[in-house]
Amino acid sequence: YFLALRDHLHLTDFQERERIQLEREVKQLVLMQSGTSWRDLLRSALQPWQVWAFAGLLVLLLAIWFMWRKRSCDAQISGEEKKEKEKEEEEEDETWAYDLRWLLDERIQWPVQDLQTGCNRTMALIDNFLTVLRRALSRTFYPVLQQAIGIGSAFEGWTASEEEIVYQVLVALTPPLGHLFHLERDTDQQKPGRNFRVRVELECRCPTEYQGMNMLCFQHHPDVIRRMTQQPNLLDTLCTDSYLDVKKTVHWFCTLVGASWQRLPQSRSWHLVLLPSKRSCNLRLTNSQESFQVKVLFGVRRLTSDIFISSRYRGPRTPSTMWPESYAVAETKFFRHMARKAPQDSSHLKCLQLLAHVLARKDFSVHSLKTIVMRLLHTVPVSQWQRRHFLLQLSDALEQLRVSLEEKHLEHFIVGNQRLPEEIRLPPDVLRARPPNLFHGLAQDPTAHSQAMQAYLDLRQRLARMLAYGHC
(Lines give C-alpha, C1' and ligand atoms only; values in the text may rest on other atoms or scores of the structure.)
Protein backbone atom coordinates (compact mmCIF):
# COMPACT_ATOMS: atom_id res chain seq x y z
CA TYR A 1 0.00 0.00 0.00
CA PHE A 2 2.78 2.42 0.95
CA LEU A 3 4.56 1.59 -2.24
CA ALA A 4 1.46 2.25 -4.24
CA LEU A 5 0.93 5.56 -2.43
CA ARG A 6 4.53 6.64 -3.11
CA ASP A 7 4.19 5.91 -6.81
CA HIS A 8 0.97 7.85 -6.95
CA LEU A 9 2.58 10.91 -5.35
CA HIS A 10 5.52 10.79 -7.76
CA LEU A 11 3.13 10.63 -10.67
CA THR A 12 1.11 13.58 -9.37
CA ASP A 13 4.22 15.68 -8.89
CA PHE A 14 5.41 14.91 -12.40
CA GLN A 15 2.04 15.82 -13.84
CA GLU A 16 2.05 19.17 -12.00
CA ARG A 17 5.50 20.04 -13.39
CA GLU A 18 4.34 19.05 -16.85
CA ARG A 19 1.25 21.29 -16.49
CA ILE A 20 3.34 24.30 -15.42
CA GLN A 21 5.77 23.78 -18.26
CA LEU A 22 2.90 23.46 -20.69
CA GLU A 23 1.35 26.70 -19.46
CA ARG A 24 4.65 28.52 -19.97
CA GLU A 25 4.93 27.26 -23.50
CA VAL A 26 1.32 28.28 -24.26
CA LYS A 27 1.94 31.82 -22.98
CA GLN A 28 5.03 32.20 -25.15
CA LEU A 29 3.13 30.90 -28.15
CA VAL A 30 0.28 33.37 -27.54
CA LEU A 31 2.72 36.27 -27.36
CA MET A 32 4.38 35.23 -30.57
CA GLN A 33 1.07 34.71 -32.34
CA SER A 34 -0.33 38.08 -31.18
CA GLY A 35 2.28 40.10 -33.20
CA THR A 36 1.80 37.89 -36.18
CA SER A 37 -1.97 38.24 -35.92
CA TRP A 38 -1.86 42.09 -36.13
CA ARG A 39 0.29 41.92 -39.22
CA ASP A 40 -2.00 39.33 -40.72
CA LEU A 41 -5.04 41.37 -39.74
CA LEU A 42 -3.64 44.51 -41.50
CA ARG A 43 -2.87 42.47 -44.60
CA SER A 44 -6.35 41.04 -44.60
CA ALA A 45 -8.03 44.47 -44.04
CA LEU A 46 -6.12 46.26 -46.84
CA GLN A 47 -6.08 44.82 -50.28
CA PRO A 48 -2.94 45.37 -52.40
CA TRP A 49 -4.49 48.20 -54.53
CA GLN A 50 -5.61 49.95 -51.36
CA VAL A 51 -2.10 49.80 -49.95
CA TRP A 52 -0.75 51.50 -53.08
CA ALA A 53 -3.55 54.09 -52.98
CA PHE A 54 -2.73 54.90 -49.39
CA ALA A 55 0.93 55.29 -50.29
CA GLY A 56 0.00 57.57 -53.23
CA LEU A 57 -2.12 59.73 -50.93
CA LEU A 58 0.84 60.20 -48.63
CA VAL A 59 3.02 61.20 -51.59
CA LEU A 60 0.36 63.66 -52.79
CA LEU A 61 0.06 65.29 -49.38
CA LEU A 62 3.83 65.67 -49.23
CA ALA A 63 3.85 67.26 -52.72
CA ILE A 64 1.10 69.73 -51.74
CA TRP A 65 2.99 70.65 -48.62
CA PHE A 66 6.18 71.33 -50.61
CA MET A 67 4.23 73.43 -53.16
CA TRP A 68 2.60 75.47 -50.38
CA ARG A 69 5.97 76.14 -48.83
CA LYS A 70 7.37 77.23 -52.22
CA ARG A 71 4.40 79.52 -52.94
CA SER A 72 4.66 81.09 -49.50
CA CYS A 73 8.30 81.89 -50.17
CA ASP A 74 7.49 83.21 -53.65
CA ALA A 75 4.64 85.32 -52.27
CA GLN A 76 6.93 86.80 -49.71
CA ILE A 77 9.50 87.60 -52.41
CA SER A 78 6.87 88.93 -54.86
CA GLY A 79 5.35 91.09 -52.10
CA GLU A 80 8.71 92.68 -51.52
CA GLU A 81 9.21 93.14 -55.28
CA LYS A 82 5.70 94.64 -55.59
CA LYS A 83 6.45 97.12 -52.83
CA GLU A 84 9.70 98.07 -54.55
CA LYS A 85 7.87 98.44 -57.89
CA GLU A 86 5.14 100.59 -56.33
CA LYS A 87 7.80 102.71 -54.70
CA GLU A 88 9.52 103.17 -58.06
CA GLU A 89 6.18 104.08 -59.70
CA GLU A 90 5.46 106.61 -56.95
CA GLU A 91 8.87 108.15 -57.49
CA GLU A 92 8.21 108.28 -61.26
CA ASP A 93 4.77 109.85 -60.64
CA GLU A 94 6.32 112.44 -58.35
CA THR A 95 8.95 113.22 -60.98
CA TRP A 96 6.28 113.44 -63.72
CA ALA A 97 4.07 115.60 -61.52
CA TYR A 98 7.00 117.90 -60.81
CA ASP A 99 7.88 118.13 -64.52
CA LEU A 100 4.26 118.86 -65.44
CA ARG A 101 3.92 121.41 -62.66
CA TRP A 102 7.11 123.08 -63.89
CA LEU A 103 5.71 123.07 -67.43
CA LEU A 104 2.30 124.49 -66.48
CA ASP A 105 3.31 126.95 -63.77
CA GLU A 106 6.74 128.17 -64.82
CA ARG A 107 7.45 127.32 -68.43
CA ILE A 108 4.20 128.53 -70.04
CA GLN A 109 3.51 132.25 -69.86
CA TRP A 110 -0.04 132.48 -68.55
CA PRO A 111 -2.02 135.71 -68.18
CA VAL A 112 -1.15 137.13 -64.77
CA GLN A 113 -4.45 138.78 -63.89
CA ASP A 114 -6.34 137.62 -60.82
CA LEU A 115 -9.68 136.70 -62.38
CA GLN A 116 -11.61 136.28 -59.15
CA THR A 117 -10.54 139.72 -57.93
CA GLY A 118 -11.49 141.22 -61.28
CA CYS A 119 -14.89 139.52 -61.24
CA ASN A 120 -15.65 140.73 -57.73
CA ARG A 121 -14.55 144.25 -58.64
CA THR A 122 -16.70 144.23 -61.79
CA MET A 123 -19.83 143.03 -60.00
CA ALA A 124 -19.38 145.64 -57.27
CA LEU A 125 -19.07 148.37 -59.91
CA ILE A 126 -22.16 147.30 -61.88
CA ASP A 127 -24.21 146.78 -58.71
CA ASN A 128 -23.40 150.34 -57.64
CA PHE A 129 -24.37 151.65 -61.07
CA LEU A 130 -27.69 149.78 -61.02
CA THR A 131 -28.52 150.96 -57.51
CA VAL A 132 -28.11 154.61 -58.54
CA LEU A 133 -29.96 154.13 -61.84
CA ARG A 134 -32.93 152.31 -60.32
CA ARG A 135 -33.40 155.21 -57.93
CA ALA A 136 -33.34 157.68 -60.81
CA LEU A 137 -35.73 155.62 -62.95
CA SER A 138 -38.23 154.70 -60.27
CA ARG A 139 -40.94 157.12 -61.54
CA THR A 140 -40.41 156.52 -65.25
CA PHE A 141 -41.61 154.05 -67.86
CA TYR A 142 -38.19 152.85 -68.96
CA PRO A 143 -37.22 149.16 -68.67
CA VAL A 144 -36.62 147.92 -65.14
CA LEU A 145 -32.96 146.98 -64.60
CA GLN A 146 -32.58 143.63 -62.84
CA GLN A 147 -29.51 142.30 -61.03
CA ALA A 148 -26.47 141.83 -63.28
CA ILE A 149 -25.21 138.31 -64.09
CA GLY A 150 -21.53 137.61 -64.72
CA ILE A 151 -20.97 135.71 -67.97
CA GLY A 152 -18.13 134.83 -70.33
CA SER A 153 -14.67 133.38 -69.91
CA ALA A 154 -13.53 135.46 -66.92
CA PHE A 155 -16.55 134.39 -64.85
CA GLU A 156 -16.03 130.80 -66.03
CA GLY A 157 -12.47 130.87 -64.64
CA TRP A 158 -10.29 131.22 -67.75
CA THR A 159 -9.10 133.81 -70.24
CA ALA A 160 -7.19 133.73 -73.51
CA SER A 161 -5.98 137.31 -73.29
CA GLU A 162 -2.51 138.32 -72.19
CA GLU A 163 -3.52 141.95 -72.19
CA GLU A 164 -6.53 143.75 -70.79
CA ILE A 165 -9.29 141.35 -69.76
CA VAL A 166 -12.87 142.16 -70.73
CA TYR A 167 -15.38 141.23 -68.02
CA GLN A 168 -18.87 140.63 -69.41
CA VAL A 169 -22.11 141.07 -67.52
CA LEU A 170 -25.71 140.64 -68.62
CA VAL A 171 -28.33 143.06 -67.27
CA ALA A 172 -31.81 141.60 -67.59
CA LEU A 173 -34.65 143.98 -68.55
CA THR A 174 -38.25 143.63 -67.46
CA PRO A 175 -41.18 145.76 -68.65
CA PRO A 176 -42.09 148.85 -66.64
CA LEU A 177 -45.50 149.47 -65.10
CA GLY A 178 -48.27 149.34 -67.67
CA HIS A 179 -46.18 147.60 -70.34
CA LEU A 180 -45.80 144.02 -71.56
CA PHE A 181 -42.98 142.22 -73.42
CA HIS A 182 -43.88 139.60 -76.03
CA LEU A 183 -41.04 137.58 -77.56
CA GLU A 184 -41.51 136.76 -81.23
CA ARG A 185 -39.28 134.19 -82.93
CA ASP A 186 -37.70 135.37 -86.19
CA THR A 187 -38.49 132.86 -88.93
CA ASP A 188 -35.84 134.05 -91.38
CA GLN A 189 -33.74 130.93 -92.00
CA GLN A 190 -31.02 132.94 -93.73
CA LYS A 191 -29.87 134.43 -90.44
CA PRO A 192 -27.65 132.24 -88.24
CA GLY A 193 -28.84 130.96 -84.89
CA ARG A 194 -32.15 131.56 -83.14
CA ASN A 195 -33.28 135.20 -83.13
CA PHE A 196 -36.18 137.05 -81.52
CA ARG A 197 -37.88 140.43 -81.45
CA VAL A 198 -39.35 142.04 -78.33
CA ARG A 199 -42.77 143.47 -79.09
CA VAL A 200 -43.84 146.08 -76.53
CA GLU A 201 -47.52 146.52 -75.72
CA LEU A 202 -49.37 148.80 -73.36
CA GLU A 203 -51.13 146.81 -70.68
CA CYS A 204 -54.85 147.16 -70.09
CA ARG A 205 -55.35 147.60 -66.37
CA CYS A 206 -59.08 148.25 -66.48
CA PRO A 207 -61.45 145.88 -64.68
CA THR A 208 -63.36 143.86 -67.25
CA GLU A 209 -66.71 145.40 -66.39
CA TYR A 210 -65.34 148.95 -66.76
CA GLN A 211 -63.36 148.48 -69.99
CA GLY A 212 -63.99 151.31 -72.45
CA MET A 213 -65.29 153.64 -69.78
CA ASN A 214 -63.63 156.83 -68.71
CA MET A 215 -60.98 155.27 -66.37
CA LEU A 216 -57.21 155.74 -66.45
CA CYS A 217 -55.52 152.86 -68.30
CA PHE A 218 -52.18 152.66 -70.12
CA GLN A 219 -53.80 151.05 -73.12
CA HIS A 220 -56.95 153.16 -73.36
CA HIS A 221 -55.71 156.49 -71.99
CA PRO A 222 -51.98 156.79 -72.81
CA ASP A 223 -52.18 160.54 -73.46
CA VAL A 224 -53.83 161.24 -70.14
CA ILE A 225 -51.22 159.21 -68.24
CA ARG A 226 -48.43 160.95 -70.17
CA ARG A 227 -49.77 164.40 -69.18
CA MET A 228 -50.27 163.38 -65.56
CA THR A 229 -46.87 161.71 -65.09
CA GLN A 230 -44.91 163.99 -67.42
CA GLN A 231 -43.20 160.79 -68.61
CA PRO A 232 -43.36 159.20 -72.06
CA ASN A 233 -44.12 155.51 -72.30
CA LEU A 234 -41.63 152.98 -73.53
CA LEU A 235 -43.09 152.88 -77.04
CA ASP A 236 -42.16 156.55 -77.43
CA THR A 237 -38.55 156.20 -76.25
CA LEU A 238 -36.72 152.93 -76.90
CA CYS A 239 -38.85 151.23 -79.53
CA THR A 240 -38.95 151.11 -83.31
CA ASP A 241 -42.31 150.11 -84.79
CA SER A 242 -43.44 148.76 -81.40
CA TYR A 243 -40.29 146.60 -81.02
CA LEU A 244 -37.61 147.21 -78.41
CA ASP A 245 -34.57 148.64 -80.19
CA VAL A 246 -31.12 147.41 -79.14
CA LYS A 247 -29.21 150.49 -80.27
CA LYS A 248 -31.61 152.90 -78.58
CA THR A 249 -31.46 150.86 -75.37
CA VAL A 250 -27.64 150.83 -75.36
CA HIS A 251 -27.44 154.57 -76.02
CA TRP A 252 -29.95 155.27 -73.23
CA PHE A 253 -28.00 153.18 -70.71
CA CYS A 254 -24.60 154.62 -71.66
CA THR A 255 -25.97 158.16 -71.23
CA LEU A 256 -27.19 157.26 -67.74
CA VAL A 257 -23.83 155.69 -66.83
CA GLY A 258 -21.89 158.76 -67.88
CA ALA A 259 -24.24 161.07 -65.95
CA SER A 260 -24.18 159.01 -62.75
CA TRP A 261 -20.45 158.09 -62.60
CA GLN A 262 -19.53 160.79 -60.08
CA ARG A 263 -22.06 159.38 -57.61
CA LEU A 264 -20.17 156.09 -57.36
CA PRO A 265 -17.41 155.50 -54.78
CA GLN A 266 -15.23 153.99 -57.55
CA SER A 267 -14.99 157.41 -59.19
CA ARG A 268 -12.51 158.50 -56.48
CA SER A 269 -9.86 155.95 -57.51
CA TRP A 270 -10.68 155.06 -61.13
CA HIS A 271 -10.99 156.96 -64.37
CA LEU A 272 -13.94 155.94 -66.58
CA VAL A 273 -14.03 156.04 -70.36
CA LEU A 274 -17.08 154.98 -72.39
CA LEU A 275 -15.97 153.06 -75.49
CA PRO A 276 -18.04 153.27 -78.69
CA SER A 277 -20.35 150.32 -79.32
CA LYS A 278 -23.82 149.89 -80.81
CA ARG A 279 -24.99 146.69 -79.12
CA SER A 280 -23.30 146.85 -75.69
CA CYS A 281 -22.15 149.43 -73.17
CA ASN A 282 -18.36 149.14 -73.01
CA LEU A 283 -16.47 150.70 -70.10
CA ARG A 284 -12.75 151.05 -69.55
CA LEU A 285 -11.53 151.82 -66.06
CA THR A 286 -7.93 152.81 -65.37
CA ASN A 287 -5.81 154.02 -62.50
CA SER A 288 -2.10 154.54 -61.99
CA GLN A 289 -1.41 150.81 -61.74
CA GLU A 290 -3.87 148.83 -63.85
CA SER A 291 -6.86 148.87 -66.17
CA PHE A 292 -9.76 146.62 -67.07
CA GLN A 293 -12.81 146.64 -69.33
CA VAL A 294 -16.44 145.86 -68.63
CA LYS A 295 -18.87 144.91 -71.38
CA VAL A 296 -22.51 145.34 -70.38
CA LEU A 297 -25.01 143.37 -72.47
CA PHE A 298 -28.77 143.54 -72.14
CA GLY A 299 -31.29 140.75 -72.32
CA VAL A 300 -34.80 139.53 -71.68
CA ARG A 301 -35.18 136.23 -69.85
CA ARG A 302 -37.13 133.46 -71.53
CA LEU A 303 -39.77 132.35 -69.03
CA THR A 304 -37.94 131.39 -65.80
CA SER A 305 -35.02 129.71 -67.55
CA ASP A 306 -31.30 130.44 -67.89
CA ILE A 307 -31.76 131.33 -71.56
CA PHE A 308 -31.98 134.99 -72.57
CA ILE A 309 -32.43 136.91 -75.76
CA SER A 310 -29.59 139.42 -75.69
CA SER A 311 -28.10 142.45 -77.40
CA ARG A 312 -24.92 140.61 -78.37
CA TYR A 313 -23.41 141.30 -81.76
CA ARG A 314 -24.20 138.87 -84.57
CA GLY A 315 -22.80 140.22 -87.80
CA PRO A 316 -22.86 143.64 -89.48
CA ARG A 317 -26.32 143.18 -90.97
CA THR A 318 -28.12 142.41 -87.72
CA PRO A 319 -31.20 144.66 -87.45
CA SER A 320 -31.40 146.86 -84.37
CA THR A 321 -34.68 145.23 -83.33
CA MET A 322 -33.23 141.72 -83.45
CA TRP A 323 -32.22 140.05 -80.17
CA PRO A 324 -30.24 136.80 -80.67
CA GLU A 325 -30.83 133.97 -78.24
CA SER A 326 -27.98 133.72 -75.74
CA TYR A 327 -26.79 130.65 -73.81
CA ALA A 328 -23.98 132.44 -71.94
CA VAL A 329 -25.68 132.22 -68.53
CA ALA A 330 -26.28 128.47 -68.93
CA GLU A 331 -22.66 127.91 -70.04
CA THR A 332 -21.30 129.87 -67.08
CA LYS A 333 -23.48 127.85 -64.70
CA PHE A 334 -22.16 124.64 -66.30
CA PHE A 335 -18.54 125.63 -65.65
CA ARG A 336 -19.35 126.53 -62.06
CA HIS A 337 -21.09 123.18 -61.63
CA MET A 338 -18.04 121.34 -62.98
CA ALA A 339 -15.73 123.40 -60.75
CA ARG A 340 -17.60 122.05 -57.71
CA LYS A 341 -17.34 118.44 -58.93
CA ALA A 342 -13.82 118.42 -60.39
CA PRO A 343 -10.69 117.62 -58.34
CA GLN A 344 -8.93 120.53 -56.70
CA ASP A 345 -6.05 120.27 -59.19
CA SER A 346 -8.34 119.89 -62.21
CA SER A 347 -6.72 120.95 -65.48
CA HIS A 348 -9.84 121.57 -67.63
CA LEU A 349 -9.56 125.37 -67.40
CA LYS A 350 -5.82 125.27 -68.14
CA CYS A 351 -6.54 123.07 -71.15
CA LEU A 352 -9.15 125.47 -72.50
CA GLN A 353 -7.06 128.53 -71.73
CA LEU A 354 -3.99 127.13 -73.48
CA LEU A 355 -5.95 126.17 -76.60
CA ALA A 356 -7.62 129.58 -76.79
CA HIS A 357 -4.32 131.34 -76.12
CA VAL A 358 -2.44 129.72 -79.02
CA LEU A 359 -5.33 130.12 -81.46
CA ALA A 360 -3.94 132.74 -83.83
CA ARG A 361 -6.24 132.46 -86.84
CA LYS A 362 -9.98 133.04 -86.57
CA ASP A 363 -11.09 130.46 -89.13
CA PHE A 364 -12.91 128.78 -86.25
CA SER A 365 -13.91 130.52 -83.04
CA VAL A 366 -12.77 130.25 -79.46
CA HIS A 367 -16.36 129.26 -78.70
CA SER A 368 -15.83 126.14 -80.83
CA LEU A 369 -12.89 125.18 -78.63
CA LYS A 370 -14.98 125.86 -75.53
CA THR A 371 -17.76 123.68 -76.91
CA ILE A 372 -15.34 120.78 -77.38
CA VAL A 373 -14.00 121.13 -73.82
CA MET A 374 -17.55 121.29 -72.44
CA ARG A 375 -18.42 118.10 -74.29
CA LEU A 376 -15.34 116.36 -72.89
CA LEU A 377 -16.23 117.56 -69.41
CA HIS A 378 -19.67 116.08 -69.92
CA THR A 379 -18.37 112.65 -70.98
CA VAL A 380 -14.94 112.13 -69.37
CA PRO A 381 -15.05 111.28 -65.62
CA VAL A 382 -14.02 114.31 -63.57
CA SER A 383 -11.30 112.25 -61.86
CA GLN A 384 -9.42 112.11 -65.18
CA TRP A 385 -9.09 115.90 -65.31
CA GLN A 386 -6.38 115.92 -62.65
CA ARG A 387 -3.18 117.78 -63.43
CA ARG A 388 -1.33 114.54 -64.16
CA HIS A 389 -3.73 113.87 -67.07
CA PHE A 390 -3.33 117.34 -68.57
CA LEU A 391 -1.49 116.29 -71.75
CA LEU A 392 -3.91 113.41 -72.30
CA GLN A 393 -6.95 115.71 -72.11
CA LEU A 394 -5.20 118.27 -74.30
CA SER A 395 -4.62 115.53 -76.88
CA ASP A 396 -8.28 114.44 -76.64
CA ALA A 397 -9.45 118.02 -77.26
CA LEU A 398 -7.20 118.35 -80.32
CA GLU A 399 -8.40 115.01 -81.69
CA GLN A 400 -12.04 115.98 -81.17
CA LEU A 401 -11.39 119.27 -82.95
CA ARG A 402 -9.73 117.48 -85.88
CA VAL A 403 -12.61 115.02 -86.27
CA SER A 404 -15.20 117.80 -86.06
CA LEU A 405 -13.40 119.86 -88.69
CA GLU A 406 -13.00 116.91 -91.03
CA GLU A 407 -16.68 116.02 -90.65
CA LYS A 408 -17.64 119.72 -90.79
CA HIS A 409 -19.95 119.08 -87.86
CA LEU A 410 -19.90 120.27 -84.25
CA GLU A 411 -23.18 120.31 -82.33
CA HIS A 412 -24.11 123.12 -79.98
CA PHE A 413 -23.62 122.08 -76.37
CA ILE A 414 -26.67 123.69 -74.74
CA VAL A 415 -29.43 123.50 -77.35
CA GLY A 416 -31.17 120.12 -77.27
CA ASN A 417 -28.97 118.79 -74.46
CA GLN A 418 -31.26 116.81 -72.13
CA ARG A 419 -28.44 115.65 -69.84
CA LEU A 420 -27.43 118.99 -68.37
CA PRO A 421 -27.27 119.41 -64.57
CA GLU A 422 -30.67 120.04 -63.01
CA GLU A 423 -29.67 123.51 -61.89
CA ILE A 424 -29.46 124.64 -65.54
CA ARG A 425 -33.00 125.44 -66.69
CA LEU A 426 -33.95 125.42 -70.39
CA PRO A 427 -37.23 126.45 -72.03
CA PRO A 428 -39.16 123.46 -73.46
CA ASP A 429 -38.51 124.45 -77.07
CA VAL A 430 -34.76 124.79 -76.47
CA LEU A 431 -34.69 121.44 -74.70
CA ARG A 432 -36.46 119.70 -77.59
CA ALA A 433 -34.69 121.58 -80.39
CA ARG A 434 -32.22 119.95 -82.73
CA PRO A 435 -28.70 121.13 -81.83
CA PRO A 436 -27.41 123.51 -84.52
CA ASN A 437 -24.16 122.68 -86.30
CA LEU A 438 -21.53 125.24 -85.32
CA PHE A 439 -19.50 124.27 -88.43
CA HIS A 440 -22.44 124.69 -90.81
CA GLY A 441 -20.56 127.44 -92.67
CA LEU A 442 -17.62 125.10 -93.35
CA ALA A 443 -19.96 122.59 -94.95
CA GLN A 444 -21.29 125.30 -97.27
CA ASP A 445 -17.93 126.83 -98.23
CA PRO A 446 -15.04 124.54 -99.32
CA THR A 447 -12.57 127.43 -99.15
CA ALA A 448 -13.54 128.21 -95.57
CA HIS A 449 -13.18 124.52 -94.70
CA SER A 450 -9.70 124.37 -96.22
CA GLN A 451 -8.70 127.47 -94.25
CA ALA A 452 -10.09 125.99 -91.06
CA MET A 453 -8.06 122.80 -91.53
CA GLN A 454 -4.94 124.89 -92.07
CA ALA A 455 -5.79 126.87 -88.94
CA TYR A 456 -5.97 123.56 -87.06
CA LEU A 457 -2.46 122.61 -88.26
CA ASP A 458 -1.21 126.04 -87.22
CA LEU A 459 -2.81 125.53 -83.82
CA ARG A 460 -0.97 122.22 -83.35
CA GLN A 461 2.36 123.78 -84.33
CA ARG A 462 1.90 126.78 -82.04
CA LEU A 463 0.85 124.46 -79.23
CA ALA A 464 3.98 122.32 -79.72
CA ARG A 465 6.16 125.43 -79.54
CA MET A 466 4.34 126.60 -76.45
CA LEU A 467 4.92 123.26 -74.69
CA ALA A 468 8.56 123.12 -75.81
CA TYR A 469 9.64 126.72 -75.30
CA GLY A 470 6.93 128.29 -73.13
CA HIS A 471 5.75 130.70 -75.81
CA CYS A 472 4.53 130.67 -79.41
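**Packing of α11 against α14, and two buried residues**

In this predicted model, helix α11 (residues 390-407) packs against helix α14 (residues 446-469) at an angle of about 165 degrees, and their axes are 10 Å apart. Because of that angle, α11 is roughly antiparallel to α14, the cut-off for this term being over 145 degrees. The crossing in which α11 passes α14 is left-handed.

On the α11 side, the contact is formed by Leu-391, Leu-394, Leu-398, Leu-401, Arg-402, Leu-405 and Glu-406. On the α14 side, His-449, Ala-452, Met-453, Tyr-456, Leu-459, Arg-460, Leu-463 and Leu-467 take part. By residue class, this contact of α11 with α14 comprises 11 nonpolar residues, one polar and three charged.

Two of the α14 residues in that contact, Leu-459 and Arg-460, lead to another part of the chain. Leu-359 is located in the loop between α9 (348-358) and α10 (366-379). Beyond its neighbours within four places in sequence, Leu-359 is in contact with Leu-459, as well as with Phe-364, Ser-365, Val-366 and Leu-369. The C-alpha atoms of Leu-359 and Arg-460 are separated by 9.2 Å, although the two residues are 101 residues apart along the chain. Leu-359 has a relative accessible area of 6% and is therefore buried, since the term applies under 20%.

His-337 belongs to helix α8 (residues 328-341). Its relative accessibility is 16%, so His-337 also counts as buried. When residues up to four places away in sequence are not counted, His-337 touches Pro-421 and Glu-423.

Methods. Residues are numbered from 1 along each chain as its sequence is written. This is a predicted model: local features need pLDDT of at least 70, side-chain atom pairs count only at pLDDT 80 or more; totals for chains, interfaces and linings use all residues. Side-chain values use heavy atoms; hydrogens and water are left out. Axes are lines fitted to C-alpha atoms, for helices over the stretch in contact, and angles run from 0 to 180 degrees between N-to-C directions. Helices (H or I, at least four residues) and strands (E, at least two) are DSSP runs, numbered from the N terminus. Angles under 35 degrees count as roughly parallel, over 145 as roughly antiparallel, 65 to 115 as roughly perpendicular and the rest as oblique. A crossing is left-handed if the near helix is turned anticlockwise from the far one by less than a right angle, and right-handed if clockwise. Contact means heavy atoms within 4.5 Å. Ala, Val, Leu, Ile, Met, Phe, Trp, Tyr, Cys and Pro count as nonpolar, Asp, Glu, Lys and Arg as charged, and the others, Gly among them, as polar. Buried means under 20% relative accessible area, exposed over 50%, partly exposed in between (1.4 Å probe, protein chains only).
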